[in-house]
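Here is a short set of questions and answers on one protein model. Read each answer against the coordinates.

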Amino acid sequence: MGTTKSEVFTVEENRIADLAKAFAHPARVAILRLLAEKKACVCGDLVDELPLSQATVSQHLKELKRIGIIKGDIAPPRVCYCIDEEVWNEAMQSFGLLFSSYLKNNCC
């Protein structure tokens with residue numbers, strides 16, 4: 001597998017790409033939607049709410065935490081996850097600016 005050459009892009013471009021990874025898999029979208037709809041930390045087993053195995057949910061939660069869009073407290077036997085509002089707002093702003101930068105033209 002080749003390198004991404006991320007160093008040739010701006011910090012902002014790399015961050016937007018990283019945030020986009022949160023939405024790059026339907027399982028992560030489902031997890032984010034579930035957490036957003038709850039409007040609170042979800043404590044307990046997300047597996048009961050999703051058609052995925054525990055290992056798959058854990059893998060996606062790990063990626064979402066790495067990106068920073070969710071936060072979680074691990075205090076066995078309970079694990080609580082919720083949306084990180086600061087990062088959620090960062091994603092909304094970043095994608096909004098990206099999408100609003102397009103000026104409609106008559107090409108193609």
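Q: At roughly what angle do the axes of helix α2 and helix α3 cross?
A: This is a predicted model. In it, helix α2 covers residues 26–38 and helix α3 covers residues 54–67. Their axes come within 10 Å of each other. The crossing angle is roughly 75°.

Q: Are α2 and α3 roughly parallel or roughly perpendicular to each other?
A: The axes cross at roughly 75°. Angles from 65 to 115 degrees count as roughly perpendicular. The two helices, α2 and α3, are therefore roughly perpendicular.

Q: Which residues of α2 and α3 make the contact?
A: Both helices contribute to this contact. From α2 come A27, R28, I31 and L32. From α3 come V57, H60, L61, E63 and L64.

Q: How do the residues of the contact of α2 with α3 divide into nonpolar, polar and charged?
A: Take the charged class first. R28 and E63 are among the contact residues, and Arg and Glu count as charged. The division is two charged, one polar and six nonpolar.

Q: Which residues touch the most other members of the largest nonpolar core?
A: In soluble globular proteins, nonpolar side chains tend to be buried together. The largest nonpolar core here has 22 residues. Those touching the most other members are L32, L35, L46, L61, L64, I69 and I70.

Q: Which elements each supply at least two residues of this core?
A: Helices and a strand both appear in the list. The strand is β3, residues 78–83. With it, the elements are α1, α2, α3 and α4.

Q: Which residues is L32 in contact with, leaving aside its neighbours within four places in sequence?
A: L32 belongs to the α2 side of the contact with α3. L64, on the α3 side, is one of its partners. The full set is A22, F23, L64, I69, I70, I83 and W88.

Q: Where does F23 lie, and what is F23 in contact with beyond its neighbours within four places in sequence?
A: F23 sits in the loop between α1 and α2. At 36% relative accessible area, F23 is partly exposed. Its C-alpha atom is separated by 9.3 Å from that of L64, 41 residues apart along the chain. The contacts of F23 are V29, L32, I69, W88 and F95.

Q: Is I67 buried or exposed?
A: I67 lies in helix α3. Leaving aside neighbours within four places in sequence, it is in contact with R15, D18, L19, K21 and A22. Its relative accessible area is 3%, and under 20% counts as buried. I67 is therefore buried.

Q: Which residues is D18 in contact with, leaving aside its neighbours within four places in sequence?
A: D18 lies in helix α1, residues 11–22. With a relative accessible area of 17%, D18 is buried. Its contacts are R66 and I67.

Q: What is phi of K39?
A: K39 lies in the loop between α2 and β1. At 75% relative accessibility, K39 counts as exposed. Its phi is positive, in a residue other than glycine. The value is near 55°.

Q: What separates the C-alpha atoms of N105 and L52?
A: N105 lies in the segment after α4. It is partly exposed, at 39% relative accessible area. N105 and L52 are 53 residues apart along the chain. Their C-alpha atoms are separated by 43 Å.

Q: What separates the C-alpha atoms of T10 and N105?
A: T10 lies in the segment before α1. A relative accessible area of 41% makes T10 partly exposed. T10 and N105 are 95 residues apart along the chain. The separation of their C-alpha atoms is 26 Å.

Q: Which element has the lowest mean pLDDT?
A: Where pLDDT is low, the predicted coordinates should not be read in detail. The mean over the protein chain is 87, and 91% of its residues reach 70 or more. Helix α4, residues 85–100, has the highest mean among the elements, at 94. The lowest mean, 79, belongs to strand β2, residues 70–75.

How values were computed:
Residues numbered from 1 in each chain as written. Predicted model: local features only at pLDDT ≥ 70, side-chain atom pairs only at ≥ 80, totals over all residues. Heavy atoms only, no water. Axes fitted to C-alpha atoms, helices over the stretch in contact; angles between N-to-C directions. Parallel < 35°, antiparallel > 145°, perpendicular 65-115°, else oblique. Contact = heavy atoms within 4.5 Å. Buried < 20%, exposed > 50% of the residue type's maximum accessible area, 1.4 Å probe, protein only. pLDDT = per-residue confidence, 0-100. Core = buried A, V, L, I, M, F, W, Y, C linked by side-chain atoms within 4.5 Å.
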